[in-house]
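Reader: Got a minute to walk through this one with me? I'd like to start with one residue and go on from there.

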Amino acid sequence: MSELLIRQFPCLSDNYGFLVHDPDSGETATIDTPDADTILAEAKAAGWMITQIWNTHHHFDHAGGNDAIKAATGAKLVGPAYDTHRIPGIDTAVKDGDTVSLGDHMASVMFTPGHTLGHVCYHFAGDKVAFVGDTLFALGCGRLFEGSPAQMWQSLSRLAALPDETRIYCAHEYTAANARFALSIDPDNAELQAYATMVEAERARGEPTVPTTIGAELGANPFLRAADPAIRQRLGLADADNVDVFAEIRRRKDAF
Ligand code: ZN
Ligand code: FE
């Protein structure tokens with residue numbers, strides 16, 4: 001079995017588009033559809049035919065190009081069962097634990113509500129790759145537009161439990177701003193300091209900070225570190241539940 005090929009490119013102001021290609025079957029999936037024209041041009045440049053669309057959630061910068069890409073390619077649309085009422089044209093509605101495939105490469109669907117109530121992630125366990133939409137960001141996490149802190153904490157905890165080496169493809173380039181906030185919450189964390197320095201250098205060179213890895217996020221992302229004694233101490237929440245610590249970090253980020 002050949003390795004999956006992943007083509008990543010900027011879309012809109014700060015989204016990333018991702019094309020995932022299996023050379024053996026020739027299948028190509030676009031993960032979300034932030035910008036149909038850009039995605040179709042990237043597929044053409046790669047010489048790939050888009051056969052599937054995998055949506056993480058219903059927001060316009062993720063599903064807004066569905067119709068145009070379906071019309072141009074005849075691709076089949078995979079999307080969260082929860083969102084069938086607000087993502088038109090889903091051909092395969094998926095729930096937690098379902099498997100979707102790109103040729104012989106299998107991805108499991110992880111239901112990760114919080115940013116929205118229908119959000120799903122796609123985890124290729126065999127390839128050690130996950131597409132996490134707006135749930136987990138490099139040094140950050142998605143805003144809680146629809147879900148509760150408890151839901152988001154549960155979703156992030158499931159992603160955090162994936163193998164450390166799992167490459168995490170986040171849907172936005174928010175990392176430099178996330179790093180500034182993270183340092184305000186966890187200023188003495190040497191791993192975070194090193195990560196933030198690397199991010200600054202990458203952005204100065206115009207390079208993406210995505211993908212990241214679970215291992216890198218566990219050491220530095222405050223939204224995964226609600227159990228950390230230093231963070232709890234700083235927030236004055238030494239004895240609180242992880243959910244309450246997470247909720248406080250998220251509140252501070254919303255006001256940062
Ligand atoms: Zn979103
Ligand atoms: Fe988004």
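Reader: Sure, so where does aspartate 186 sit?
Author: Aspartate 186 is in the loop between α5 and α6 (190-204); helices (H or I, at least four residues) and strands (E, at least two) are DSSP runs, numbered from the N terminus. Before going further, this is a predicted model, where local features need pLDDT of at least 70, side-chain atom pairs count only at pLDDT 80 or more, and totals for chains, interfaces and linings use all residues. Residues are numbered from 1 along each chain as its sequence is written, chains are lettered from A and ligands numbered from 1 in the order in which they are written, and side-chain values use heavy atoms, with hydrogens and water left out.

Reader: Is aspartate 186 buried or exposed?
Author: Buried, with a relative accessible area of 4%. The cut-offs are under 20% for buried, over 50% for exposed, and partly exposed in between (1.4 Å probe, protein chains only).

Reader: Which side chain does the side chain of aspartate 186 make a polar contact with?
Author: That of arginine 225, at 3.5 Å. A polar contact here is a pair of N or O atoms within 3.5 Å; within protein, one must be able to donate a hydrogen and the other to accept it, and residues adjacent in sequence count only if both atoms are side-chain atoms.

Reader: And what is aspartate 186 in contact with, leaving aside neighbours within four places in sequence?
Author: Leu192, Arg225, Asp228 and Ile231, with contact meaning heavy atoms within 4.5 Å.

Reader: OK, switching to asparagine 66. Which helix is asparagine 66 in?
Author: Asparagine 66 is in helix α3, and it counts as buried at 2% relative accessibility. Its side chain is joined to that of asparagine 55 by a polar contact of 2.7 Å. Outside the neighbours within four places in sequence, asparagine 66 also touches Thr33, Ile53, Leu77 and Ile87, among others.

Reader: Now α1. Which residues of α1 are buried?
Author: In α1 (residues 36-46), Ala36, Ile39 and Ala43 are buried. They are on the same side of α1 because they cover an arc of only 70° around the axis, taken from the directions from the helix axis to the C-beta atoms.

Reader: What do those buried residues of α1 pack against?
Author: They pack against β1 (5-11), β2 (15-21), β3 (28-31) and α3 (66-73). On the other side of α1, Asp37, Lys44 and Ala45 are exposed.

Reader: What goes on at the start of α1, and what comes just after α1?
Author: At the start, a side-chain oxygen of aspartate 35 comes to within 3.2 Å of the backbone nitrogen of aspartate 37. Just after α1, glycine 47 has a positive phi of about 75°.

Reader: Last topic, empty space. How much space lies in the largest pocket?
Author: About 200 Å³. On a 1 Å grid over the protein atoms alone, a pocket is an open set with protein on both sides within 12 Å along at least five of seven lines, a cavity is a set of points where a 1.4 Å probe fits but cannot get out, and lining residues have an atom within 4 Å of a point. Points are joined across faces, edges and corners, and a volume is the space filled by probe spheres set on them.

Reader: Which residues lie nearest the centre of the largest pocket?
Author: Of 14 lining residues, Phe137, Cys141, Gly142, Arg143 and Tyr174 lie nearest its centre.
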